[in-house]
Amino acid sequence: MFNQLGVIGCGLMGGSFALAMKKAGLVKRVIGYSKSPSTTETAKRLGVIDVAAESALLAVSGSDIVLLAVPVAATEATLKAVKHLVSQGVLFMDVGSTKCDVVEAARRTLGNRLDSFVPAHPIAGKESGGIQHADATLYQGRQVILTPLPQTDPVLVQRATDVWSALGSQVLKMTPENHDAAFAAVSHLPHLLAFAFFEAVARQPAGRDYLSLGGPGFRDFTRIAGSDPAVWRDILMANKAEVLAQSQRFRAALDELEAAISSGDAAALEARIRSISQARSQWHMAAPRPRR
């Protein structure tokens, strides 16, 4: 058990982690900080945190486990603000959706304290963010990717693994580079495409009429176009090289389908669609672990 969890960023991810730690009996006290005092006050009122800290540094003070649940673009500034209290044996983790930029930020700021930092990415979330949507079961049955550095203390890597496992998550380990390449393909590009597709329909002269005819397929395909703009601005910019590489691969695949349509080659078009359909039918999302 940990004596104190310090949460920097009391939103959906940080709040859910705090609730999950409490529910699992893994922490005695939670202290939280957010840039908005009203957010931390709400977190305290809802029982997500026990104490509202006035600064990120005060959230770290006395904590033996710290979670950075801030936008990836704010990682470096946050680490600079707390680095003087990053000490040996204290487990520091983040929840960022990109890892190479987070790792570089940690390298630039933490120096010889880098061994305390275990970069993490829980593959979990909701359509609606904010502390009011925090959920103690958010991480149950979900994957959590750890991308430890060569300098990371192996004891803390194991401790991080044990924590996420105790919350019901399946823990995987990857390099930051492999993580960002993989998630550009299966998460970041799909969001980019959803944004572009919805806009392409909506901005047509008859776009409003077309949208009124959208059914379940359109709803499902565009659901993630309603994601938080600031969060996805940061993710797409932070991982831009990998996202653009995946975008080019998508463009090439689309070009091939368009070429079959343009040439009137129905047989080639059907063959491509059949191959894709079969591959999709054989794919299965990683099975969630049973909820406790």
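## Pairing up the strands

Two strands count as paired if DSSP finds at least two bridges between them. Strand 1 and strand 2 clear that bar, with 6 bridges joining them in the parallel sense. Keep in mind that this is a predicted model.

One pair of residues to look for here is Q4 and R29, since Q4 stands opposite R29 in strand 2. The chain gets from one strand to the other by way of helix 1, and strand 1, helix 1 and strand 2 make a right-handed β-α-β unit.

## The chain as a whole

The chain has 292 residues, and 40% of them count as buried. Its secondary structure comes to 12 helices and 9 strands. If you boxed up the C-alpha atoms along the principal axes, you'd need roughly 70 × 40 × 35 Å.

## The six-stranded sheet

In what order do the 6 strands of the open sheet sit? Reading across, the order is 3-2-1-4-5-6, and the pairing is parallel. Strand 3 and strand 6 (117-118) are at the edges with a single partner strand each, so one side of each has no neighbour in the sheet.

Now walk across part of it. Strand 3 (residues 51-52) runs parallel to strand 2, and 2 bridges join them. The bridge partner of I31 in strand 3 is V51. Strand 2, helix 2 (residues 37-45) and strand 3 make another β-α-β unit, and this unit is right-handed. Strand 2 itself is mostly covered, with 5 of its 7 residues buried.

On to strand 4: strand 1 pairs with strand 4 in the parallel sense, over 4 bridges. Here V7 stands opposite L67 in strand 4. As a rule, side chains in a regular strand alternate between the two faces of the sheet.

## Strands 7, 8 and 9

Strand 8 (residues 143-146) is worth a look too. Strand 8 and strand 9 (residues 170-173) pair in the parallel sense over 4 bridges, and V144 stands opposite V171 in strand 9. Between these two strands the chain passes through helix 6 (residues 154-166), in a right-handed β-α-β crossover.

Strand 8 also pairs with strand 7 (residues 120-122), in the antiparallel sense and over 3 bridges. V144 turns up again here: P122 stands opposite V144 in strand 8.

## The nonpolar core

Nonpolar side chains tend to be buried together in soluble globular proteins. In this model, the largest nonpolar core has 38 residues. The ones with the most contacts inside this core are L5, F17, M21, I65, M93 and W164.

Which elements each supply at least two residues of this core? The list runs through strand 1 (2-8), helix 1 (12-23), strand 2 (27-33), strand 4 (65-68), strand 5 (91-94), strand 8 and helix 6. Helix 1 gives the largest share of the core, 7 residues.

## One cavity

Rolling a probe the size of a water molecule over the atoms shows where empty space is left. How many cavities of 30 Å³ or more does a search of the whole structure find? The search turns up 1, and the largest cavity has a volume of about 40 Å³.

To find this cavity on screen, select L68, V70, V72, T75, D94, V95, G96 and V102, which line the largest cavity. By type, the lining divides into 5 nonpolar residues, 2 polar and 1 charged.

## A stop at A268

Finally, take A268, which sits in helix 12 (residues 266-282). Is A268 buried or partly exposed? Its relative accessibility is 29%, and buried means under 20% while exposed means over 50%, so A268 counts as partly exposed. For a sense of distance, A268 and G125 lie 39 Å apart, C-alpha to C-alpha, with a separation of 143 residues in sequence.

Technical notes. Residues are numbered from 1 along each chain as its sequence is written. This is a predicted model: local features need pLDDT of at least 70, side-chain atom pairs count only at pLDDT 80 or more; totals for chains, interfaces and linings use all residues. Side-chain values use heavy atoms; hydrogens and water are left out. On a 1 Å grid over the protein atoms alone, a cavity is a set of points where a 1.4 Å probe fits but cannot get out, and a pocket is an open set with protein on both sides within 12 Å along at least five of seven lines; lining residues have an atom within 4 Å of a point. Grid points are joined across faces, edges and corners, and a volume is the space filled by probe spheres set on the points. Ala, Val, Leu, Ile, Met, Phe, Trp, Tyr, Cys and Pro count as nonpolar, Asp, Glu, Lys and Arg as charged, and the others, Gly among them, as polar. A crossover is right-handed if, with the strands pointing away from the viewer, the path from the first strand over the helix to the second runs clockwise. A nonpolar core is a set of buried Ala, Val, Leu, Ile, Met, Phe, Trp, Tyr and Cys residues joined through side-chain atoms within 4.5 Å. Buried means under 20% relative accessible area, exposed over 50%, partly exposed in between (1.4 Å probe, protein chains only).
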